[in-house]
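I wanted a proper look at this one, so I opened the model and kept notes as I went. Here is the page from my notebook.

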Amino acid sequence: LDGTLAWMAAVDQAAAGRGPAFALTRPAGHHATRNVAMGFGLVNFAAAAVAAYLKRSPASRVAVLDWDVHHGNGVSAWVAAEGRARYCSLHEMGGFPQTGQDESERGLLGNILNIPLPKGSGSAEYLEAVRRKALPFLLGDEQPDLLLICAGYDALEADPLATMALKPADYAECVRQ
């Protein structure tokens, strides 16, 4: 539960306007669903932190950007039923957990955007997807009060379990955008 507390503290700091916050937790937990531990995660830290924040601030809106080589199926499932939140996942097409593979599937509330990228995608494809798809969807018509990033770094070109080809500078560029 320390990971959940770290995420909640980071959300509280950002929501209070004390600048960006960072919760360094592992595993990310973005695969865990309400009832099932998955992808090394027992608890979905992002979903727990967003739920707690929205409970305290019911008029608020939250955007969740998930960059990882894997689709964050647990966060996506939670956000799908929460009209005050939007979720966008950039991930490698065809990988674990075999969800989020259809960009046109927006969920019942239209608040989900999956961006499955072809295996081997690198800087150009990834940054283009962030700039032209992810950010307009998350920040577009209704500005969120909070932007939460589920930051996985397994899309780095050196990761032996994936085929994405990002460089550390690409993540810095995503943050800058």
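What follows are my entries, grouped by the part of the model I was looking at.

**Ground rules.** I'm working on a predicted model, where local features need pLDDT of at least 70 and side-chain atom pairs count only at pLDDT 80 or more, while totals for chains, interfaces and linings use all residues. Residues are numbered from 1 along each chain as its sequence is written, and side-chain values use heavy atoms, with hydrogens and water left out.

**Strand 1.** I started with strand 1, residues 62-67. For the record, helices (H or I, at least four residues) and strands (E, at least two) are DSSP runs, numbered from the N terminus. I asked myself: how many residues of strand 1 are buried? I found 6 of the 6 buried, so the strand is largely enclosed by the rest of the structure. My cut-offs: buried is under 20% relative accessible area, exposed is over 50%, and partly exposed is in between (1.4 Å probe, protein chains only).

I then checked which way the side chains go. In a regular strand the side chains alternate between the two faces of the sheet. Here Val62, Val64 and Asp66 point one way, Ala63, Leu65 and Trp67 point the other way, and all are buried.

**Neighbours of strand 1.** I looked up the pairing next; two strands pair if DSSP finds at least two bridges between them. Strand 1 runs parallel to strand 2 (residues 85-92), with 6 bridges joining them. Asp66 has Ser89 as its bridge partner in strand 2. Strand 4 (residues 146-151) also pairs with strand 1 in the parallel sense, over 6 bridges. On that side I noted Val62 with Leu146 as its bridge partner, and Val64 opposite Leu148.

I also traced the connection through helix 3 (residues 73-79): together with strand 1 and strand 2 it makes a right-handed β-α-β unit. Right-handed here means that, with the strands pointing away from the viewer, the path from the first strand over the helix to the second runs clockwise.

**Strand 4.** Which residues of strand 4 are buried, and which are not? Leu146, Leu148 and Cys150 point to one face and are buried, whereas Leu147, Ile149 and Ala151 point to the other and are not.

**Strand 2.** All 8 of the 8 residues of strand 2 are buried, so I have it down as largely enclosed by the rest of the structure. Ala85, Tyr87, Ser89 and His91 point one way, and Arg86, Cys88, Leu90 and Glu92 the other. Strand 2 is joined to strand 3 by 6 bridges, and the two run parallel. I picked out Cys88, which stands opposite Leu113 in strand 3.

**Cysteines.** I searched for disulfides (pairs of cysteine sulfur atoms within 2.5 Å) and got 0. Cys88 is in no disulfide, and its nearest cysteine sulfur, that of Cys174, is 11 Å away. Cys88 counts as buried because its relative accessibility is 0%. Why is there no bond from Cys150 to Cys88? Their sulfurs are 11 Å apart, which is too far, and Cys88 holds the closest cysteine sulfur to Cys150. Cys150 is buried too, with a relative accessible area of 5%.

**Loop between helix 1 and helix 2.** Helix 1 covers 2-15 and helix 2 covers 45-56, and Leu24 lies in the loop between them. Leu24 is exposed, with a relative accessible area of 74%. Pro20 sits in the loop between helix 1 and helix 2 as well, and is exposed at 80%. I also took a distance: Pro20 and Leu148 are 128 residues apart along the chain, and their C-alpha atoms are separated by 9.8 Å.

**Loop between strand 2 and strand 3.** Phe96 is in the loop that leads to strand 3 (112-117) from strand 2, and counts as partly exposed at 37% relative accessibility. I flagged the peptide bond from Phe96 to Pro97 as cis, with omega near 5 degrees. Pro97 lies in the loop between strand 2 and strand 3, and so does Gln98. Gln98 went on my list for a positive phi of about 60 degrees although it is not a glycine. Gln98 is exposed, with a relative accessible area of 55%. Last distance of the day: C-alpha to C-alpha, Phe96 and Glu128 are 23 Å apart in space and 32 residues apart in sequence.
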